[in-house]
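Grab a pencil and work through these exercises with the model open beside you. Each one sets a task and then walks through a solution.

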Amino acid sequence: MAFSESLAQQVRTILATELSHRVFEEEVEEKKMFGGLAFMVRGKMTVTVSSRSQELVMVRIGKELEKQVLPKNGANITVMKNRLYHGYIDLDGEGQKELSYWIKLALAYNQELTLSSED
């Protein structure tokens, strides 16, 4: 599974900055999936770094937020095996220029999922 280690390190750095130390140390797990490296936060896929056809970052922001933020340069709904995955966004090189912004959206959605699963 090929992916950019430098891009993965950028994701780690942003996660370490945005999450509390405890959450980052105890609730962030890296797993190889989707042809790359997925960052699981609180047991849920949040960000993935992969190289399907180019270096991509996929963020999970949810369907509602997707409607609010697209279209945005360098960001598109994820497509795998000719199927649209609404709620997941692929960031190409242009979109990765705002990587911190996208990861913050993904973490906010992750928090929503976490709170709703606790009910």
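**Exercise 1. Check the length of helix H1 against its residue count, then work out which way it faces.**

Step 1. Helices here are DSSP runs of H or I with at least four residues, strands are E runs with at least two, and both are numbered from the N terminus. The expected span is 1.5 Å times one less than the number of residues.

Step 2. H1 has 14 residues, so it should span 20 Å, and its end C-alpha atoms are indeed 20 Å apart.

Before going on, a word on the source: this is a predicted model, where local features need pLDDT of at least 70, side-chain atom pairs count only at pLDDT 80 or more, and totals for chains, interfaces and linings use all residues. Residues are numbered from 1 along each chain as its sequence is written, and side-chain values use heavy atoms, with hydrogens and water left out.

Step 3. Sort residues by relative accessible area: buried is under 20%, exposed is over 50%, and partly exposed is in between (1.4 Å probe, protein chains only). In H1, the buried ones are Leu7, Ala8, Val11, Arg12, Ile14 and Leu15.

Step 4. Look down the axis of H1: the buried residues fall within an arc of 165°, so they line one face. The arc is taken from the directions that run from the helix axis to the C-beta atoms. Ser6 and Thr17, on the other side of H1, are exposed.

**Exercise 2. Lay out the sheet and place H1 on it.**

Step 1. Strands count as paired if DSSP finds at least two bridges between them. That gives an open sheet of six strands in the order S1-S2-S3-S4-S6-S5, with antiparallel pairing.

Step 2. Find the edges: S1 (28-33) and S5 (75-80) each pair on one side only.

Step 3. Go through some pairs. S2 and S3 share six antiparallel bridges, with Phe39 opposite Val47 in S3. These two strands form a hairpin with two residues between them, and Arg42 in the turn has a positive phi of about 55°. S3 and S4 are joined by four antiparallel bridges, and Val49 has Val57 in S4 as its bridge partner. Antiparallel S5 and S6 are joined by six bridges; there, Ala75 partners Leu91 in S6.

Step 4. Now add the helix. H1 packs on the sheet, touching S1, S2, S3 and S4 (contact means heavy atoms within 4.5 Å). Its direction makes about 10° with that of S2; axes are lines fitted to C-alpha atoms, for helices over the stretch in contact, and angles run from 0 to 180 degrees between N-to-C directions.

**Exercise 3. Which residues have the most contacts inside the largest nonpolar core?**

Step 1. A nonpolar core is a set of buried Ala, Val, Leu, Ile, Met, Phe, Trp, Tyr and Cys residues joined through side-chain atoms within 4.5 Å.

Step 2. The largest one has 27 residues, and Val59, Ile61 and Trp102 have the most contacts inside it. H4 gives the largest share, six residues.

Step 3. Zoom in on Val59: leaving out residues up to four places away in sequence, its contacts include Val47, Tyr88, Ile89 and Trp102.

**Exercise 4. Is Gln96 buried or exposed?**

Step 1. Locate Gln96 in the loop between S6 and H4.

Step 2. Its relative accessible area is 14%, so Gln96 is buried.

Step 3. List the neighbours: not counting residues up to four places away in sequence, Gln96 touches Leu7, Glu55, Leu56, Val57 and Leu91.
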